[in-house]
Amino acid sequence: RGGREHLHTQFLSQEEFPSRGSEGETCKSMSALAAVKAALANPPYGAPEEIKVASAKSVGKALGGVPDKEIEVVVKGLEAEEQAVLMKFLYRGLESSDGQQSSTLLLKWHGVLTEKAGMGLISRVLSESDTL
């Protein structure tokens, strides 16, 4: 936070985490989790708006690459701080959503995340001064 540099994260494609043999479904879930974790790494607190926009796009791309049936697995694989960062990005996305399809995706993630982390996460995220 504060004065440290903020790195732009990139979406990790399925090719970077290939599925193998009978463990294919597990590998796909793991690559989805890795992609979301990578997108959530180094949140751009205090960064210029263009960095925040680019970071939000990376998160949106990572979330959009996760099949519906894997959303719960990915959310369960996130640490508490990653869940808070994800919730902040979800709210940012809902504020600036450019269509029903993106809103639907964000609300799906919001529902699963709220179910996993509880209402306390919402209160915490809304009361924190660090925004994305």
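**Entry 1: the largest pocket**

I began with the open space in this predicted model, and I noted that the largest pocket holds about 400 Å³ of space. I then looked up what surrounds that space: 17 residues line the largest pocket, and the closest to its centre are Ala56, Lys57, Gly60, Gly93 and Leu106. I traced the lining back to the secondary structure and found that α2, α4 and α5 (100-117) are the elements that give two or more residues to the lining of the largest pocket. Of these, α2 supplies the largest share, with 7 residues. By residue class, I recorded 8 nonpolar, 5 polar and 4 charged residues in the lining of the largest pocket.

**Entry 2: the second largest pocket**

I turned next to the second largest pocket, for which I have a volume of about 170 Å³. I listed its lining as Lys88, Tyr91, Arg92, Glu95, Val125, Leu126, Glu128, Asp130, Thr131 and Leu132, and I found that the elements giving two or more residues to this lining are α4 and α6 (119-127). The largest share here, 4 residues, comes from α4. I sorted the lining of the second largest pocket into 4 nonpolar, 1 polar and 5 charged residues.

**Entry 3: Arg92**

Arg92 had come up in the lining of the second largest pocket, and I wanted to see how it sits in the chain. I placed Arg92 in helix α4, which covers residues 80-95. Is Arg92 buried or exposed? I found a relative accessibility of 14% for Arg92, and because buried means under 20%, Arg92 counts as buried. Setting aside the neighbours within four places in sequence, I noted that Arg92 is in contact with Glu49, Lys52, Val53, Ala56 and Leu132. Two of these names were already in my notes, since Ala56 is one of the residues closest to the centre of the largest pocket, while Leu132 is listed in the lining of the second largest pocket.

**Entry 4: helix α6**

I went on to α6, where I found that Leu121, Ile122 and Val125 are buried. Why do they lie on the same side of α6? They cover an arc of only 100° around the axis, and so they come to lie on the same side of α6. On the face turned away from the buried side of α6, I noted the exposed residues Met119, Gly120 and Ser127. I also looked up what covers the buried residues of α6, and the cover includes α4 and α5.

**Entry 5: Asn42**

I checked a loop position as well, and found Asn42 in the loop between α1 (24-40) and α2 (49-64). Asn42 has 32% relative accessibility, which lies between the limits of 20% and 50%, and therefore counts as partly exposed. I noted that Asn42 and Ser55 are 13 residues apart along the chain, with 9.3 Å separating their C-alpha atoms.

**Entry 6: the chain as a whole**

I closed with the whole chain, in which I counted 6 helices and 0 strands, running α-α-α-α-α-α from the N terminus on. Of its 132 residues, 39% count as buried, and the accessible surface comes to about 7,500 Å², of which 53% belongs to carbon and sulfur atoms. I looked lastly at the contacts between residues at least 6 apart in sequence, and noted that 75% of these join residues at least 24 apart.

Methods: Residues are numbered from 1 along each chain as its sequence is written. This is a predicted model: local features need pLDDT of at least 70, side-chain atom pairs count only at pLDDT 80 or more; totals for chains, interfaces and linings use all residues. Side-chain values use heavy atoms; hydrogens and water are left out. Buried means under 20% relative accessible area, exposed over 50%, partly exposed in between (1.4 Å probe, protein chains only). Contact means heavy atoms within 4.5 Å. Accessible areas come from the Shrake-Rupley method with a 1.4 Å probe; for residues, only the protein chains shown count as cover. On a 1 Å grid over the protein atoms alone, a cavity is a set of points where a 1.4 Å probe fits but cannot get out, and a pocket is an open set with protein on both sides within 12 Å along at least five of seven lines; lining residues have an atom within 4 Å of a point. Grid points are joined across faces, edges and corners, and a volume is the space filled by probe spheres set on the points. Ala, Val, Leu, Ile, Met, Phe, Trp, Tyr, Cys and Pro count as nonpolar, Asp, Glu, Lys and Arg as charged, and the others, Gly among them, as polar. The arc is that of the directions from the helix axis to the C-beta atoms.
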